[in-house]
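Q: I would like a close look at a single part of this model. Please take the geometry, the cover and the contacts in turn, and set the part in its context.

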Amino acid sequence: MLVIHLDRTYSLGMKQTKAKPCPHCGKPAVWEDNPFRPFCSERCRLIDLGKWASEKYRIPGHRDDSAVPDEGESDETKGEGEGK
């Protein structure tokens with residue numbers, strides 16, 4: 001069984017800093033002076049970005065097809081012929 005503590009203090013040299021688990025790999029991700037936070041590294045950040053880009057992550061909800069124009073219908077042609 002894997003147990004992850006969400007808030008730990010790590011000693012890095014002379015300085016103690018808080019770290020949380022990386023959302024991708026679970027390794028401790030230091031928050032202070034970490035340009036990739038909440039991830040532990042650029043690699044984990046890019047892997048997560050790739051999952052969003054490839055739609056492996058999705059936000060639950062209903063799709064609203066009324067906001068998407070029909071094929072072949074642009075904003076300019078929409079409404080032409082109305083009121084004539």
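A: Start with the terms for cover. A residue counts as exposed when its relative accessible area is over 50%, and as buried when that value is under 20%; partly exposed is the range in between. Arg58 has a relative accessible area of 65%, so it is exposed.

The part to examine is the loop between strand 3 and helix 1, followed by helix 1 and the segment after it. Context comes first. This is a predicted model. The chain has 1 helix and 3 strands. Along the sequence they run β-β-β-α. Of its 84 residues, 10% are buried. The exposed area comes to about 7,600 Å², with 53% of it from carbon and sulfur atoms. Among contacts with a separation of 6 or more, 2% join residues 24 or more positions apart.

Next, confidence. The chain has a mean pLDDT of 74, and 60% of its residues are at 70 or more. Helix 1 has the highest mean among the elements, 94, while strand 1 (residues 8–12) has the lowest, 51. Residues 1–6 have pLDDT below 50, and the model gives this stretch 5 contacts beyond near neighbours in sequence. Where pLDDT is low, the coordinates should not be read in detail.

Now the loop itself. Which backbone features does it hold? Asp33 sits in the loop between strand 3 and helix 1. Its phi is positive, about 55 degrees, although Asp33 is not a glycine. Asp33 is also exposed: its relative accessibility is 72%, and the cut-off is over 50%. Pro38 is in the loop between strand 3 and helix 1 as well. The peptide bond from Arg37 to Pro38 is cis, with omega at about 15 degrees.

Is Asn34 buried or exposed? Asn34 is buried, because its relative accessible area of 13% falls under 20%. Asn34 belongs to the loop between strand 3 (28–30) and helix 1 (42–53). What does its side chain reach? The target is the backbone oxygen of Phe39, at 3.0 Å. That distance is within 3.5 Å, so it meets the distance limit for a polar contact. With neighbours within four places in sequence set aside, Asn34 contacts Ala29 and Phe39. Phe39 therefore appears twice for Asn34: as the residue whose backbone oxygen is reached and in the contact list, where heavy atoms within 4.5 Å count.

Phe39 also gives a link to an earlier loop. The C-alpha atoms of Cys25 and Phe39 lie 8.5 Å apart, with their positions 14 residues apart in sequence. Cys25 is in the loop between strand 2 (15–21) and strand 3. Cys25 is partly exposed, at 36% relative accessibility. Outside its neighbours within four places in sequence, Cys25 is in contact with Cys40 and Cys44.

Move on to helix 1. The whole structure has 2 salt bridges. One of them joins the side chains of Glu42 and Arg45, N to O at 3.8 Å. The limit is 4 Å, so the pair qualifies. Glu42 and Arg45 are 3 residues apart in helix 1, which means about one helical turn separates them. Both ends are partly exposed: Glu42 at 40% and Arg45 at 30%.

The segment after helix 1 comes last. Glu55 lies there. Glu55 is not a glycine, yet its phi is positive, about 60 degrees. Glu55 also makes a salt bridge to Arg58, with the closest N and O atoms 3.7 Å apart. Its partner Arg58 is the exposed residue introduced at the start, at 65%.

How many aromatic pairs does the structure hold? There is 1. Its members are Trp52 and Tyr57, with ring centres 5.1 Å apart and planes at 65 degrees, so the pair is edge-to-face. The reasoning rests on two cut-offs: centres within 6.5 Å make a pair, and planes over 60 degrees apart make it edge-to-face. Trp52 is partly exposed, at 44%. Tyr57 is partly exposed too, at 31%.

To recap the loop: Asp33 has a positive phi, buried Asn34 reaches the backbone oxygen of Phe39, and a cis bond joins Arg37 and Pro38.

Definitions and conventions:
Residues are numbered from 1 along each chain as its sequence is written. This is a predicted model: local features need pLDDT of at least 70, side-chain atom pairs count only at pLDDT 80 or more; totals for chains, interfaces and linings use all residues. Side-chain values use heavy atoms; hydrogens and water are left out. Rings of Phe, Tyr and Trp (its six-membered ring) pair if their centres lie within 6.5 Å; planes under 30 degrees apart count as stacked, over 60 as edge-to-face and the rest as tilted. Buried means under 20% relative accessible area, exposed over 50%, partly exposed in between (1.4 Å probe, protein chains only). Helices (H or I, at least four residues) and strands (E, at least two) are DSSP runs, numbered from the N terminus. A polar contact is a pair of N or O atoms within 3.5 Å; within protein, one must be able to donate a hydrogen and the other to accept it, and residues adjacent in sequence count only if both atoms are side-chain atoms. pLDDT is the predictor's confidence in each residue, from 0 to 100. Accessible areas come from the Shrake-Rupley method with a 1.4 Å probe; for residues, only the protein chains shown count as cover.
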